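Walk through this model with the structure open beside the text. Start inside, then move to the loops.

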Amino acid sequence: MLAPKTHATTRDTDLMKLTTQLQTCTLCLFDSRIPGISFDRHGKCSYCYLHEQMCEQFPTGEAGQRNLDNLVNSIKASGKNKRYDCILGVSGGCDSSFLLHELVNRGLRPLAVHFDNTWNSQTATSNIYLMLDQLDVQLETYVVDNREYDDISRSMIKAGVPEFDAPTDIALKAVCLRAAEAHHVKYLIEGHSFRTEGVAPLGYMYFDGRYIKEIHRRFGDMPMKTYPNMDIWRFLRWSTISNIRRVRPLYSIDYHKEQVKQFLSREYGWEWYGGHHLENQLTAFHHTFYLPQRFGLDLRFVELSGRIRSNQLTRDEAEEEYLAGPRVDHELVGMVRKRLGISLTEWDDLMDAPLRYFTDFPTYRKVFRALRPLFWILYRLERVPKTFYEKFCKPHPSLQSLPRTRPVERHL
């Protein structure tokens, strides 16, 4: 993770000192600031080794095509005499839009499920309906009460944790699993590709249902009534009794996002929304302003590192893109502040407050670790993703070293 470009000349000396003290991976952009990272004698980081392990486990090419064909046949068999044979969460983004195309063209009958946190961009909404109408796919949308969701978002900012947008991730997964159970569907299709998105380090992104609930209990004002949270019992029921398999077809595909964007635009009139995670206004605020401003984090280094490891970018190309810094829409920042009802004075105080992490709040992490043998089995049975098992079920003692003050390598 390279030190970003800064225009604050008074910080240049401190930034130079910090940069010289860091160990940076010789292959990707990850560095020694990442909790739990390790390097071999050649300077290659542990996340690069994890990437290689996943490439061996989930090959592309002919082997990947065979695996994908077998998966499609299994999905078709499980959906026989049912209206739908799989569930796909859609956002209007590149990954879920491409998967809609792939699933339908392989003869599957997906039900598209969307969680509307009331912050959708117009582009994303248009993309969803463009794809669904042309592919004749049915949609179920769950819309949360906007005042309630704003209260949850406000509580995440007051908590001072990096996972500001985690409630959206939790809710989307919950409504997809709920739909799978309701329609007796055994396959949930997930649009993640570790080759293009990488794997976010645990110390930067953690979320579970208890984490969201506890933060809202401490800092929220409204009761949580319409928000579809996921408690541990529902999570375990969906993973065991309901026997819902969570599969990621993009793991078996030689997936190049730039090529896919051009294909979707040409074939469906799909529109690019400007960057990874930017299809939703609240998510865009999270990645372009909140994380860089509060934590000095530009998480594009995760995606760029994944693309370096997958030979989709050279290191020099990734460095140049990363060092340009995130593109901030200051009108969006102002809109978020006003809609959440936070005064300018309180906003400045919150942006300067001490940093907190999931280790400061009750979570299910102890349960996940205690049930590690069970989750290993569930991971092998495709009931939970490998990334969940690696990040949430294994011990990470170095998490106590997470920074508590705003770092000098500021983006803004």
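What follows covers the nonpolar cores, one pocket and several loop residues.

The model is predicted. Keep that in mind throughout.

Begin with the packing. The largest nonpolar core holds 87 residues. Those that touch the most other members are Phe30, Ile87, Ile157, Phe285, Phe301, Phe368 and Phe375. Which helix supplies the largest share of this core? Helix α7, residues 166-182, does, with nine residues. Another core lies apart from it and has 31 residues. Leu68, Cys86, Leu100 and Leu250 are among its members.

Now turn to the second largest pocket. Its volume is about 440 Å³. Twenty residues line the pocket, and those closest to its centre are Phe58, Val247, Arg248, Tyr251 and Glu382. Three elements each give two or more residues to the lining: α3 (61-78), β5 (245-247) and α18 (372-380). Of these, α3 gives the most, with four residues. What is the character of the lining? It divides into nine nonpolar, five polar and six charged residues.

Glu382 deserves a second look. This residue, among those closest to the pocket centre, sits in the loop between α18 and α19 (386-392). Its phi is positive, about 65 degrees, although Glu382 is not a glycine. Most residues other than glycine have a negative phi. Is Glu382 buried, partly exposed or exposed? Its relative accessible area is 28%, so it counts as partly exposed.

Asn81 also has a positive phi, near 65 degrees, and is likewise a residue other than glycine. Find Asn81 in the loop between α3 and β1 (86-89). Its relative accessibility is 77%. The cut-off for exposed is over 50%, so Asn81 counts as exposed.

Asn229 offers a buried loop position. The loop in question runs between α9 (209-219) and α10 (232-239). Why does Asn229 count as buried? Its relative accessible area is 14%, and buried means under 20%. A polar atom of the Asn229 side chain lies 3.0 Å from the backbone oxygen of Gly209. Beyond neighbours within four places in sequence, Asn229 is in contact with Ile170, Ala174, Gly209, Ile212, Lys213, Met224 and Arg234. Gly209 therefore appears both in this contact list and in the polar pairing, whose cut-off is 3.5 Å.

Next comes Gly269, in the loop between α11 (257-268) and α12 (281-295). At 45% relative accessibility, Gly269 is partly exposed. How far is Gly269 from Met131 in sequence and in space? The two are 138 residues apart in sequence, and their C-alpha atoms are 8.8 Å apart. Setting aside neighbours within four places in sequence, Gly269 is in contact with Leu130 and Leu264.

Finish with Ser32. This serine is found in the loop between α1 (12-21) and α2 (46-57). Ser32 is partly exposed, with a relative accessible area of 35%. Not counting residues up to four places away in sequence, Ser32 touches Leu22, Gln23, Ile37 and Phe39. Thr387 is 355 residues from Ser32 in sequence, and the C-alpha to C-alpha separation is 21 Å.

Note on methods: Residues are numbered from 1 along each chain as its sequence is written. This is a predicted model: local features need pLDDT of at least 70, side-chain atom pairs count only at pLDDT 80 or more; totals for chains, interfaces and linings use all residues. Side-chain values use heavy atoms; hydrogens and water are left out. On a 1 Å grid over the protein atoms alone, a cavity is a set of points where a 1.4 Å probe fits but cannot get out, and a pocket is an open set with protein on both sides within 12 Å along at least five of seven lines; lining residues have an atom within 4 Å of a point. Grid points are joined across faces, edges and corners, and a volume is the space filled by probe spheres set on the points. Ala, Val, Leu, Ile, Met, Phe, Trp, Tyr, Cys and Pro count as nonpolar, Asp, Glu, Lys and Arg as charged, and the others, Gly among them, as polar. Buried means under 20% relative accessible area, exposed over 50%, partly exposed in between (1.4 Å probe, protein chains only). A polar contact is a pair of N or O atoms within 3.5 Å; within protein, one must be able to donate a hydrogen and the other to accept it, and residues adjacent in sequence count only if both atoms are side-chain atoms. Contact means heavy atoms within 4.5 Å. A nonpolar core is a set of buried Ala, Val, Leu, Ile, Met, Phe, Trp, Tyr and Cys residues joined through side-chain atoms within 4.5 Å.
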